[in-house]
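Hi everyone, thanks for making time. I'd like to walk you through the packing in one model, so let's put it up on the screen.

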Amino acid sequence: MYKVILLNASPRGNSNTLAVLEECAREIEKEGVETEIISLRGKKIQSCIACSRCAETGNCVLPDGLDEIIDKIRDADGFIPAAPVYFGTARGDIMSALQRIGKVSRGGDKFLDWMVGGPIAVARRGGVTLTLQEMLMFFAINNMIVAGSTYWNMVIAGPEGTALEDTEGIETIQLFGQNVARIIKKVRD
């Protein structure tokens, strides 16, 4: 069975980002593709130190829990990172995670090649497109396939629990999830 890993970069337990990822996962599963949402919550993700030991070991040597996530992504067919926007751009931990995930893939077995996915951003107001652009760079440099939708993968939300009120944003995410699953099935069959 095919699988998509969805990475939640929100540090909050009941976050809007998680609600959006759950909605996306539901649509992926309707298409017959398994999902798993993994959270960075509580982890202290370090930045890449460019030691290049991942090229020798096949995994990252920094002991902060990201290596277990990398192993799950390595075994998946799709990858969707989602970031809340608190101060105009993606949170530092998600960008550190993406850079290290990419470095491990590029330095070793290139597990990201032809993986399907795309980023999601959730914000109260500004910085959403910048965050998407920032995270999209990860997909382009790692030879990945980005699924589209009818708009950018962004949801506008205020306090926790308000994400589902952005009906246009949620519809965009739902179609994106469907497209991720459909493309995976086309590419892998």
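Before we look at a helix, one term: when I say buried, I mean under 20% relative accessible area, with a 1.4 Å probe and protein chains only. And please keep in mind that this is a predicted model.

So, which residues of α6 are buried? They are G169, I170, T172, I173, F176, G177, Q178, N179, V180, A181 and I184. The cover over these buried residues includes the helix α1, residues 16-30, along with the strands β1, β3, β4, β5 and β7.

A quick check on the helix itself. α6 runs over residues 167-188, which is 22 residues, and at 1.5 Å a residue it should span 32 Å. Its end C-alpha atoms are 32 Å apart, so the two agree.

Now let's see how α1 sits against α6. Their axes come within 8 Å and cross at roughly 40°. Angles under 35 degrees would count as roughly parallel and 65 to 115 as roughly perpendicular, so α1 and α6 are oblique to each other. The crossing is right-handed. On the α1 side, the contact is made by V20, E23, C24, E27 and I28. Facing them from α6 are I170, I173, Q174, F176, G177, Q178 and A181. You'll recognise several of those, including I170, F176 and A181, from the buried list.

On to the nonpolar cores. How many residues does the largest one have? It has 30, and those with the most contacts inside it are L40, I73, F79, I94, I101, L112 and F138. Two or more residues each come from β1, α3, β3, α4 and α5. The largest share is from α4, with six residues. Apart from that core lies another, of 23 residues, and among them are A82, F176, V180 and A181. That brings us back to α6, where F176, V180 and A181 are buried.

If you'd like one residue to click on in the largest core, try F138. Leaving aside residues up to four places away in sequence, F138 touches F79, L98, I101, G102, L112 and M144.

Last, a second helix pair: α3 and α4. Here the axes come within 11 Å and cross at roughly 60°, which makes α3 oblique to α4. α3 also passes α4 in a right-handed crossing. L66, I70, I73 and R74 of α3 meet A97, R100, I101 and V104 of α4. Both I73 and I101 were on the list of residues with the most contacts inside the largest core.

That's my tour, so over to you for questions!

How values were computed:
Residues are numbered from 1 along each chain as its sequence is written. This is a predicted model: local features need pLDDT of at least 70, side-chain atom pairs count only at pLDDT 80 or more; totals for chains, interfaces and linings use all residues. Side-chain values use heavy atoms; hydrogens and water are left out. A nonpolar core is a set of buried Ala, Val, Leu, Ile, Met, Phe, Trp, Tyr and Cys residues joined through side-chain atoms within 4.5 Å. Buried means under 20% relative accessible area, exposed over 50%, partly exposed in between (1.4 Å probe, protein chains only). Helices (H or I, at least four residues) and strands (E, at least two) are DSSP runs, numbered from the N terminus. Contact means heavy atoms within 4.5 Å. The expected span of a helix is 1.5 Å times one less than its number of residues. Axes are lines fitted to C-alpha atoms, for helices over the stretch in contact, and angles run from 0 to 180 degrees between N-to-C directions. Angles under 35 degrees count as roughly parallel, over 145 as roughly antiparallel, 65 to 115 as roughly perpendicular and the rest as oblique. A crossing is left-handed if the near helix is turned anticlockwise from the far one by less than a right angle, and right-handed if clockwise.
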